[in-house]
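Hi there,

Here is the structure I promised to pass on. Have a look at it first, and my notes follow below.

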Amino acid sequence: MDSNHLGCFAEYLFASECTKRGFIVSMPILDSSVYDCIIDVNGSLKKIQIKSTQKTPLKNRKSVQLPLRNLDNKYTIDKIDWFCVYSEYFGGFFNFPNSGNMQSIRLSTTGKSSIYFDNFAFN
């Protein structure tokens with residue numbers, strides 16, 4: 001699967017997973033929107049930027065580093081509430097709250113980011 005197909009797959013997989021969990025999901029018609037979808041979590045709207053990766057851990061490592069391509073700071077707190085990253089290698093989503101200045105995300109099911117793996121509690 002090429003990266004464009006994986007990105008589209010991740011967006012619809014995320015929307016399906018959220019729908020399965022009882023969230024209302026809305027997706028913008030234009031692809032120029034800074035967020036990929038909005039989820040309604042008990043009346044609170046969360047703007048989501050969905051990413052995907054096919055990266056695998058480097059030799060003797062258990063994590064993957066993913067740049068967010070946020071050099072121009074387009075993913076500010078007022079525009080994005082959560083980054084939801086689908087990892088083909090780990091087979092699920094890492095759902096990170098936006099701190100406002102994130103440039104990259106480390107994905108691991110054993111390290112610090114393990115608390116974000118398949119965690120759909122958007123508080």
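C8 counts as partly exposed, because its relative accessibility is 39%. Please bear in mind throughout that this is a predicted model. C18, in contrast to a partly exposed residue, is buried, with a relative accessible area of 0%.

I looked at the cysteines with bonding in mind, and the structure holds 0 disulfides. For C8 the reason is distance: the closest cysteine sulfur, in C37, is 13 Å from the sulfur of C8, which is too far for a bond. C18 is in no disulfide either, and its nearest cysteine sulfur also belongs to C37, at 6.2 Å. A disulfide requires the two sulfur atoms to lie within 2.5 Å, so a separation of 6.2 Å leaves C18 unpaired.

Next, the aromatic residues. How many aromatic pairs does a search of the whole structure find? The search gives 15. One of them joins F14 and F93 in an edge-to-face arrangement, with 5.4 Å from centre to centre and 65° between the planes. This pair links distant parts of the chain, since F14 sits in helix α1 and F93 in strand β6, 79 residues apart. Are F14 and F93 buried or exposed? Both F14 and F93 are buried.

Another aromatic pair, F94 with F96, is stacked: the ring centres are 6.4 Å apart and the angle between the planes is 20°. F94 and F96 are both buried as well. If you would like a group of rings to display together, ring pairs link F9, F14, F23, W82, Y86, F93, F120 and F122 into a cluster. You will recognise F14 and F93 in that cluster from the edge-to-face pair.

F90 is another phenylalanine to find on the model, in the loop between β5 (82-87) and β6 (92-97). Although F90 lies in a loop, F90 is buried, with a relative accessible area of 15%. What is F90 in contact with, leaving aside its neighbours within four places in sequence? The partners are K62, V64, L107, S108, T109 and F117. As for K51, F90 is 39 residues away from K51 in sequence, and their C-alpha atoms are 14 Å apart in space.

Now to the largest pocket, which holds about 600 Å³ of space. Its lining is made up of 23 residues, and G7, E11, D36, Q49 and I50 are the closest to the centre of the pocket. Which elements each supply at least two residues of that lining? They are α1 (3-20), β3 (44-53) and β4 (64-67). Helix α1 gives the largest share of the lining, with 6 residues. By residue type, the lining of the largest pocket has 12 nonpolar, 6 polar and 5 charged residues.

One last residue in helix α1 is S3. S3 is exposed, with a relative accessible area of 58%. Between S3 and N60 there are 25 Å from C-alpha to C-alpha, and the two are 57 residues apart in sequence.

To go back over the main points, helix α1 carries F14 of the edge-to-face pair and provides the largest share of the pocket lining, while the structure holds 0 disulfides.

Do write back if you would like to go through any of this together.

Best wishes

Note on methods: Residues numbered from 1 in each chain as written. Predicted model: local features only at pLDDT ≥ 70, side-chain atom pairs only at ≥ 80, totals over all residues. Heavy atoms only, no water. Buried < 20%, exposed > 50% of the residue type's maximum accessible area, 1.4 Å probe, protein only. Helix = DSSP H or I, 4+ residues; strand = E, 2+ residues; numbered from the N terminus. Contact = heavy atoms within 4.5 Å. 1 Å grid on protein atoms, 1.4 Å probe; cavity = no way out; pocket = protein on both sides within 12 Å on 5 of 7 lines; lining within 4 Å. Points joined across faces, edges and corners; volume = space filled by probe spheres on them. Nonpolar A, V, L, I, M, F, W, Y, C, P; charged D, E, K, R; others polar. Phe/Tyr/Trp six-rings, centres within 6.5 Å; stacked < 30°, edge-to-face > 60°.
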